[in-house]
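User: I am in my first year and would like a close look at a single part of this model, namely the part where the chain begins. Please go slowly and explain each term when it comes up.

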Amino acid sequence: MSADLNQMLYFIQVYEDKKISTAAKHLYVSQQYVSRIIQRFETDLGTELFLRTSRGLIPTEAGDDAYQCFKSIVENYHKLQLRCQNQQKQNDTGTLRVVLDIGVVQLLTPRPFLSFSDKYPNIETGLEEHRIFNCKKLIAQDDAQIGISLCIGWDETFTHKKIHQLQTVILMAEDYPLSHKDFLTADDLVNQPLLFSGCPSYYTILQEFDRIKKKPHISIAINELQSIYNYLRKKTGIAPLVLNPREESPVLPKGIIQKPYKTIEPLSVYAYWNQESSCSHLAEMYAEHLIKYFR
């Protein structure tokens, strides 16, 4: 038998749980498969590793030795893996200019972007916000290496990856005419006075109205959410709001409620870059970092 790390991990789980059924649940595999792994170890080593009792498994002396051996192998391998990864991080160098749609940093918060610099200290990164057409122009001219955008679908020629799918809600007074609905769609927003706080919500709704070939009735567009609450209390309109990737809603004041908004197509955060750029590998690293962060 040639034991691999996974089989050793299965043995370690059984040893610590003292039951095949419990270990199988923790490992998300069948009991039969775990039993076969233990039996193969016992056959290969020529001795019993566990005594089977009605209360569970009792490790034999050989079982204790196998546990210590496998535990040491797995831990040392993980230490080696970590050293290699840290060495690779030190070797990764370069400059990465990141351009984002206006309002994206505010929505996503700077934390995922700053954590990349912590993880790859030798890659110099810079963040800038521009209008989306300027972002794409900078990427096309190779003046920036990666762009982050909010949009419904993606149909550009740039290489791209979806970072995270977002959720939009509609804020309104609790007795507003639309408050009886379980959720709202673009058709519900037609002819409604719309109050915008922040660029992501503004551009999201503009894209939605483009899809249904209607023009939105934009009443107010400011960056201060507290002022929006005052207008909502007066029932002067409703306020679309894109939630951050963790779908954290603001603490709403008394008399203000939120309703789920169903987009025509899912609104997502996309990373995009020029595959022909000499820094395309850094751009892809950055995109993968954001995907893992928000996952």
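Analyst: What follows takes helices α1, α2 and α3 in turn, then a few residues on them, and lastly the nonpolar cores.

Please keep in mind that this is a predicted model, in which local features need pLDDT of at least 70 and side-chain atom pairs count only at pLDDT 80 or more, whereas totals for chains, interfaces and linings use all residues. Residues are numbered from 1 along each chain as its sequence is written, and side-chain values use heavy atoms, with hydrogens and water left out.

Helices here (H or I, at least four residues) and strands (E, at least two) are DSSP runs, numbered from the N terminus. Helix α1 covers residues 5-17, and its axis comes within 8 Å of the axis of α2, the two crossing at roughly 130°. Such axes are lines fitted to C-alpha atoms, for helices over the stretch in contact, and the angles run from 0 to 180 degrees between N-to-C directions. The two helices α1 and α2 are therefore oblique to each other, a word kept for whatever is left once angles under 35 degrees are called roughly parallel, over 145 roughly antiparallel and 65 to 115 roughly perpendicular. The crossing of α1 past α2 is right-handed; a crossing has that name if the near helix is turned clockwise from the far one by less than a right angle, and is left-handed if the turn is anticlockwise.

On the α1 side, the contact (heavy atoms within 4.5 Å) is made by Tyr10, Gln13, Val14 and Asp17, while α2 brings Ile20, Thr22, Ala23, His26 and Leu27. Sorted by character, the residues of this contact of α1 with α2 are five nonpolar, three polar and one charged. In this sorting, Ala, Val, Leu, Ile, Met, Phe, Trp, Tyr, Cys and Pro count as nonpolar, Asp, Glu, Lys and Arg as charged, and the others, Gly among them, as polar.

The loop between α1 and α2 holds Lys18, whose phi is near 65°, a positive value in a residue other than glycine. As a general matter, most residues other than glycine have a negative phi. With a relative accessible area of 30%, Lys18 is partly exposed, a label that lies between buried (under 20%) and exposed (over 50%), as found with a 1.4 Å probe on protein chains only.

Moving on along the chain, helix α2 (residues 20-27) packs against helix α3 (residues 31-45) at an angle of about 110°, with their axes 9 Å apart. The helices α2 and α3 are therefore roughly perpendicular to each other, and α2 passes α3 in a right-handed crossing. From α2 the residues Ile20, Ser21, Ala24 and Leu27 take part, and they meet Gln31, Val34, Ser35 and Ile38 of α3. The residues of this contact of α2 with α3 comprise five nonpolar and three polar ones, with no charged residue.

Two residues of α3 deserve a separate look. Phe41 is found in helix α3 and is buried, since its relative accessible area is 3%; its C-alpha lies 13 Å from that of Asp64, although the two are 23 residues apart in sequence. Glu42 also lies in helix α3 and is buried as well, with a relative accessible area of 12%. Not counting residues up to four places away in sequence, Glu42 touches Thr47, Glu48, Leu49, Phe50 and Arg52.

Finally, a nonpolar core is a set of buried Ala, Val, Leu, Ile, Met, Phe, Trp, Tyr and Cys residues joined through side-chain atoms within 4.5 Å. The largest one has 31 residues, and those with the most contacts inside it are Leu96, Leu108, Ile146, Ile148, Ile163 and Tyr286. At least two of its residues come from each of β3 (94-101), α5 (104-108), α6 (111-119), β5 (146-152), β12 (267-273) and α11 (280-294), and α11 gives the most, with eight. A second, separate core has 21 residues, including Met8, Ala23, Leu57 and Tyr67. Ala23 thus leads back to the start of this tour, where Ala23 was listed among the residues of α2 in contact with α1.
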